[in-house]
Amino acid sequence: MPQYQAKVFVTLKPSILDPQGRTVERALSHLGLPASGVRVGKLIELFLEGERSEVETRLKDIAENVLSNPVMENVRWELDEAKESTPA
């Protein structure tokens with residue numbers, strides 16, 4: 001059965017304050033590396049098996065209903081054929 005590697009990216013919506021991003025922004029400034037608009041998010045990687053259309057449907061459900069909060073967060077994902085077997 002085909003195996004796929006999914007990467008799910010979860011970020012706060014622009015209207016939501018990001019205190020972790022502000023902390024990183026201030027730290028960079030103190031290091032002499034000024035940056036602005038810093039936002040911090042999450043990357044979740046997982047392996048799924050099945051036919052691509054089935055896997056895409058399952059991944060959409062997982063990403064939107066389990067890995068993110070649609071009220072506060074945006075979510076997007078990438079799905080590629082796995083290059084190696086599932087890590088143990």
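**Exercise 1. Decide whether Glu51 is buried, partly exposed or exposed, and describe its surroundings in this predicted model.**

Solution. Begin with the accessible area: Glu51 has a relative value of 48% and is therefore classed as partly exposed, because the exposed class begins only over 50%. Next, place the residue along the chain, where Glu51 belongs to the loop between β2 and α2. Then list its contacts: once residues up to four places away in sequence are set aside, Glu51 touches Pro2 and Tyr4. Finally, take the backbone separation for one of these contacts, since the C-alpha atoms of Glu51 and Tyr4 lie 9.3 Å apart although 47 residues separate them in sequence.

**Exercise 2. Work out the order of the strands in the open sheet and the sense of their pairing.**

Solution. Take the pairs one at a time. Strand β1, residues 3-12, is joined to strand β2, residues 41-49, in the antiparallel sense over nine bridges, and within this pair Gln3 stands opposite Glu49 of β2. Strand β1 also pairs with strand β3, residues 73-81, again antiparallel and over nine bridges, and here Ala6 faces Leu79 of β3. Putting the two pairs together gives an open sheet of three strands in the order β2-β1-β3, with antiparallel pairing. The edge strands are β2 and β3, each of which pairs on one side only. Neighbouring strands of this sheet are turned against each other by 20° on average, with direction ignored. As background, strands of a sheet pair through backbone hydrogen bonds, in either a parallel or an antiparallel manner.

**Exercise 3. Find which strands helix α2 lies across, and at what angle the helix runs to β3.**

Solution. Helix α2 covers residues 52-65 and lies across β1, β2 and β3. For the angle, compare the helix with β3, to which α2 runs at about 155°.

**Exercise 4. Compare the settings of Gln3, Glu73 and Val24, starting from the question of which class of burial applies to each.**

Solution. Gln3, found in strand β1, has a relative accessible area of 18% and is buried, because the limit for that class is under 20%. The C-alpha atom of Gln3 is 8.8 Å from that of Lys83, a residue 80 places away along the chain.

Glu73 lies in strand β3 and is likewise buried, its relative accessible area being 17%. The side chain of Glu73 reaches the backbone nitrogen of Asn69 at 2.7 Å. Beyond four places in sequence, the residues that Glu73 touches are Val10, Thr11, Leu12, Lys13, Lys42, Leu67 and Ser68.

Val24 has its place in helix α1, residues 19-30, and with a relative accessible area of 33% it is partly exposed. Leaving aside neighbours within four places in sequence, Val24 is in contact with Val38 and Val40. As for Val8, which is 16 residues from Val24 in sequence, the C-alpha atoms of the two residues are 22 Å apart in space.

**Exercise 5. Establish how many aromatic pairs the whole structure holds, and where the charged end of Arg76 sits.**

Solution. For the first part, a search of the whole structure finds zero aromatic pairs, a result that rests on the requirement that ring centres lie within 6.5 Å. For the second part, turn to contacts between a charge and a ring: the charged end of Arg76 sits over the ring of Phe9, at 4.1 Å from the centre of that ring.

Technical notes: Residues are numbered from 1 along each chain as its sequence is written. This is a predicted model: local features need pLDDT of at least 70, side-chain atom pairs count only at pLDDT 80 or more; totals for chains, interfaces and linings use all residues. Side-chain values use heavy atoms; hydrogens and water are left out. Two strands pair if DSSP finds at least two bridges between them. Helices (H or I, at least four residues) and strands (E, at least two) are DSSP runs, numbered from the N terminus. Buried means under 20% relative accessible area, exposed over 50%, partly exposed in between (1.4 Å probe, protein chains only). A polar contact is a pair of N or O atoms within 3.5 Å; within protein, one must be able to donate a hydrogen and the other to accept it, and residues adjacent in sequence count only if both atoms are side-chain atoms. Contact means heavy atoms within 4.5 Å. Axes are lines fitted to C-alpha atoms, for helices over the stretch in contact, and angles run from 0 to 180 degrees between N-to-C directions. Rings of Phe, Tyr and Trp (its six-membered ring) pair if their centres lie within 6.5 Å; planes under 30 degrees apart count as stacked, over 60 as edge-to-face and the rest as tilted. A charge sits over a ring if NZ of Lys or CZ of Arg is within 6 Å of the ring centre and within 35 degrees of the ring normal.
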